[in-house]
Amino acid sequence: MDRNPSPPLPSRDEEEEEGAGGDCIGSTVYSKHWLFGVLSGLIQMVSPENTKSSSDEEEQQMELDEEMENEICRVWDMSMDEDVALFLQEFNAPDIFMGVLAKSRCPRLREICVGILGNMACFQEICVSISSDKNLGQVLLHCLYDSDPPTLLETSRLLLTCLSQTEVASVWVERIREYPAIYDSICFIMSSSTNVDLLVKIGEVVDKLFDLDEKLMLEWIRNGAVQPLDQPQEDAEEQPVFKIVPCVLEAAKQVRSENPEGLDVYMHILQLLTTVDDGIQAIVQCPATGKDTWNLLFDLVCHEFCQSDDPPIILQEQKTVLASVYSVLSAIFASQAEQEYLKIEEDLPLIDSLIRVLQNMEHCQKKPENSVDSNTEETKKSDLTQDDFHLKILKDISCEFLSNIFQGLTKETVAQGVKEGQLSKQKCSCAFKNLLPFYSPVIEDFLKILHEVDKTLADDLEESFPSLKVQT
């Protein structure tokens, strides 16, 4: 079914019986009696007398009656309305859904019930109520162990909604911390699922968790670092030890071509990991993981993002993901310069990518030449709020990374860069303009090498940047 059926309107008999709006939920046209009937049907489905145990009957329980599916899907659609969501809350619908989730083995029914709760949680008052119910919280977190992708997707959506509510976010973080198996379930999804929608949503949950709680992030980083002491050796293959970085990388590769926003999420997770030393070590300590991370991110910036044939304005779409990617590459570059995958010949493509980003940034930040009101206070304020913050972050990260690469350039690499065009006068001028004055020592050392390689180019650059000529 591509979409849920439209919610029912009250019948003429119901309208006449109840009078003007008597059977309507709040200010909607949805029928209370009809909704009572659907919820009563749900209660009957999971009541003890209807709970089956034989294998044939259990198999039958896996399927949902078409009429019931259509009706409960209507409730799912209706629950996006605040009046309906509040009415469901007053009718203790969350308890009914909790009973279904605890007892039903029907994947479609479980998906719909979690989906309805997810819609209800979009409203703050209900979100607080759902979050304060410890039993419901446990049942919902247990849904992360489900094998049904649609149910996992709706569970992730519900969790993300609750984690985004300031009042209750910490409650969910603590609950997740209490269940270590959630880490394994999430890592399993990231490393093995091919469902892009699910991968994006579970990535958003992980990103939010790490952003909210550094302690939890550190726990998850360390989870896969060592084999549990009490685990017998023969069980090691049966119980895989998930490591967070390879799982994130696998998910990133899966969403890369189909969902740019999803890739952005996973790159930000990697960036968050590099904000703590344990996270950097989790990336670089294992050579295979470090190489895999470096190769993926190098390929993104050198062959996919902000390419020479892209319009400069593309930077506005890619600024956040580029900031994350450059930040992680820079952290790897700074911490593991001796690793074989950090090849010297890759310095020039990175320099080319970074300078192109800085050039495009200048284009994006140019004021329109024919703007009549360009000096008004209102325009100045709007200029400050239009993406300047994210572009500044990208510029700072790019400049730091570029300076680190410049510091390690050899005479041979500089000569190759001049010959191939990565270190042309125009590109060097752009780099100098952005790196000065904060990285003056780096530029001065680079110029000394450039004097040996191409004195004319070095003199021209010194002429363009007088402060350097005085100091060298």
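Reader: Is C306 buried or exposed?
Author: We're looking at a predicted model, where local features need pLDDT of at least 70, side-chain atom pairs count only at pLDDT 80 or more, and totals for chains, interfaces and linings use all residues. Residues are numbered from 1 along each chain as its sequence is written, and side-chain values use heavy atoms, leaving out hydrogens and water. Buried means under 20% relative accessible area, exposed means over 50%, and partly exposed is in between (1.4 Å probe, protein chains only). C306 has a relative accessible area of 1%, so it is buried.

Reader: And what is the phi of C306 near?
Author: Most residues other than glycine have a negative phi. C306 lies in the loop between α18 and α19. Its phi is positive even though it isn't glycine, with a value near 45°.

Reader: N92 has a positive phi too, so is N92 buried, exposed or partly exposed?
Author: N92 sits in the loop between α5 (82-90) and α6 (93-103), and its phi is near 60°. The relative accessible area of N92 is 45%, so N92 is partly exposed.

Reader: Where is the cis bond at P437 found?
Author: Most peptide bonds are trans. The one from L436 to P437 is cis, with omega near 0°. As for its place, P437 is in the loop between α24 (425-435) and α25 (440-453).

Reader: How many helices and strands does the chain have?
Author: Both are DSSP runs numbered from the N terminus: helices are H or I with at least four residues, and strands are E with at least two. Counted that way, the protein chain comes to 27 helices and 0 strands.

Reader: Which helix gives the most to the largest nonpolar core?
Author: A nonpolar core is a set of buried Ala, Val, Leu, Ile, Met, Phe, Trp, Tyr and Cys residues joined through side-chain atoms within 4.5 Å. The largest one here has 151 residues, and M190, F406 and F432 have the most contacts inside it. With 11 residues (314-335 is its span), the helix that gives the most to this core is α19.

Reader: Are α13 and α16 roughly parallel or roughly antiparallel?
Author: Axes are lines fitted to C-alpha atoms, for helices over the stretch in contact, and angles run from 0 to 180 degrees between N-to-C directions. Under 35 degrees counts as roughly parallel, over 145 as roughly antiparallel, 65 to 115 as roughly perpendicular and the rest as oblique. The axes of α13 (residues 196-212) and α16 come within 9 Å and cross at roughly 30°. That makes the two helices roughly parallel.

Reader: How many nonpolar, polar and charged residues make up the contact of α16 with α18?
Author: Contact means heavy atoms within 4.5 Å, and here L263, M267 and L270 in α16 meet T293, L296, L297 and L300 in α18. Ala, Val, Leu, Ile, Met, Phe, Trp, Tyr, Cys and Pro count as nonpolar, Asp, Glu, Lys and Arg as charged, and the others, Gly among them, as polar. The split is 6 nonpolar, 1 polar and no charged.

Reader: Are α16 and α18 oblique or roughly parallel to each other?
Author: The axes of α16 (residues 260-273) and α18 (residues 287-303) come within 13 Å and cross at roughly 130°. The two helices are therefore oblique.
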